[in-house]
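User: I am new to this structure and would like to know how each label given to it is justified. Could you take me through the reasoning step by step?

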Amino acid sequence: MSDPTKIDDLEKEFNEMCIYAENNLKRAFAYYENEIKPKDFVPIDDDTVDHYERTLEGECLDCLVREHLYAGSMREVAGILKAIEDIERIGDHAEDVAQWTSKIKNVEGWPLVKIQTMVRIALEMVDSAFLAFARHDEGLAEQVEKEDDLQDQLYDECIESLITLDSEKGANHAAILYSGILAKYLERISDHAVNVAEWVIFVVKGYHKDKQIF
């Protein structure tokens with residue numbers, strides 16, 4: 001029989017990692033949208049997210065090896081083990097967004113195009129994916145997957161708009177390039193949110209990407 005306190009501790013630490021990574025993302029987005037001025041912006045601390053990943057990875061593996069887990073608990077531990085990879089990447093991209101925002105603020109006329117909408121959707125998707133995992137909410141996880149279709153569409157439209165701007169006379173090529181890079185990071189953040197949502201469905205039902213694992 002497994003020790004239920006170990007699963008509870010894993011879930012608690014996992015939720016702490018989610019909160020920390022999401023707060024980093026919120027600060028990076030607030031910096032992009034000028035809610036935080038450059039002089040007031042404190043660099044993103046991605047090392048703490050990395051530490052959470054390493055610690056949770058070891059604890060999950062130890063639990064899988066040493067504990068006699070029932071199927072539900074085993075899915076929970078395995079789901080956390082996989083989801084932390086995507087949360088770590090979300091943390092990386094929060095740092096990327098902040099770094100490229102610093103670059104884009106140093107050029108004039110940088111276009112927003114559809115990026116502000118992408119920022120809002122990316123944050124909603126991450127928040128919903130993390131909440132779905134905490135609540136084991138399959139319906140919320142499925143909603144995250146649906147939102148990704150809209151984000152992909154916005155990304156395609158954003159790139160097309162930037163290409164059009166780039167062909168115009170007097171175009172600020174640096175601003176256009178930086179905006180395209182930021183849009184790509186937003187699209188990747190959304191993809192990682194989808195991955196977390198897919199692990200929620202695995203934890204609840206034992207399915208991953210329509211394939212039953214256990």
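User: Which helices do the buried residues of α2 pack against?

Analyst: The buried residues of α2 pack against α1 and α3, where contact means heavy atoms within 4.5 Å. Please note that this is a predicted model, in which local features need pLDDT of at least 70 and side-chain atom pairs count only at pLDDT 80 or more, while totals for chains, interfaces and linings use all residues. Residues are numbered from 1 along each chain as its sequence is written, and side-chain values use heavy atoms, with hydrogens and water left out.

User: What makes α2 a helix with a buried side?

Analyst: Helices here are DSSP runs of H or I with at least four residues, numbered from the N terminus, and α2 has 21 residues. Its buried residues, meaning those under 20% relative accessible area with a 1.4 Å probe and protein chains only, are D46, V49, D50, Y52, E53, L56, C60 and C63. They cover an arc of only 160° around the axis, so they lie on the same side of α2, the arc being that of the directions from the helix axis to the C-beta atoms. On the other side of α2, D47, R54, V65 and R66 are exposed, which means over 50%.

User: Which residue caps the N-terminal end of α2, and at what distance?

Analyst: D45 does, with a side-chain oxygen 3.3 Å from the backbone nitrogen of D47.

User: Why is N34 called partly exposed?

Analyst: N34 has a relative accessible area of 36%, and partly exposed is the class in between buried and exposed, so N34 counts as partly exposed. N34 is in the loop between α1 and α2, and has a positive phi of about 65° although it is not a glycine. Most residues other than glycine have a negative phi.

User: Why is H136 called partly exposed?

Analyst: H136 has a relative accessibility of 36%, and therefore counts as partly exposed. H136 is found in the loop between α4 and α5, and its phi is near 55°, a positive value in a residue other than glycine.

User: What is the reach of α6 set against?

Analyst: The expected span is 1.5 Å times one less than the number of residues. With 33 residues, α6 reaches 48 Å from its first C-alpha to its last, close to the 48 Å expected. Just after α6, G206 takes a positive phi of about 85°.

Note on methods. Helices (H or I, at least four residues) and strands (E, at least two) are DSSP runs, numbered from the N terminus. A polar contact is a pair of N or O atoms within 3.5 Å; within protein, one must be able to donate a hydrogen and the other to accept it, and residues adjacent in sequence count only if both atoms are side-chain atoms.
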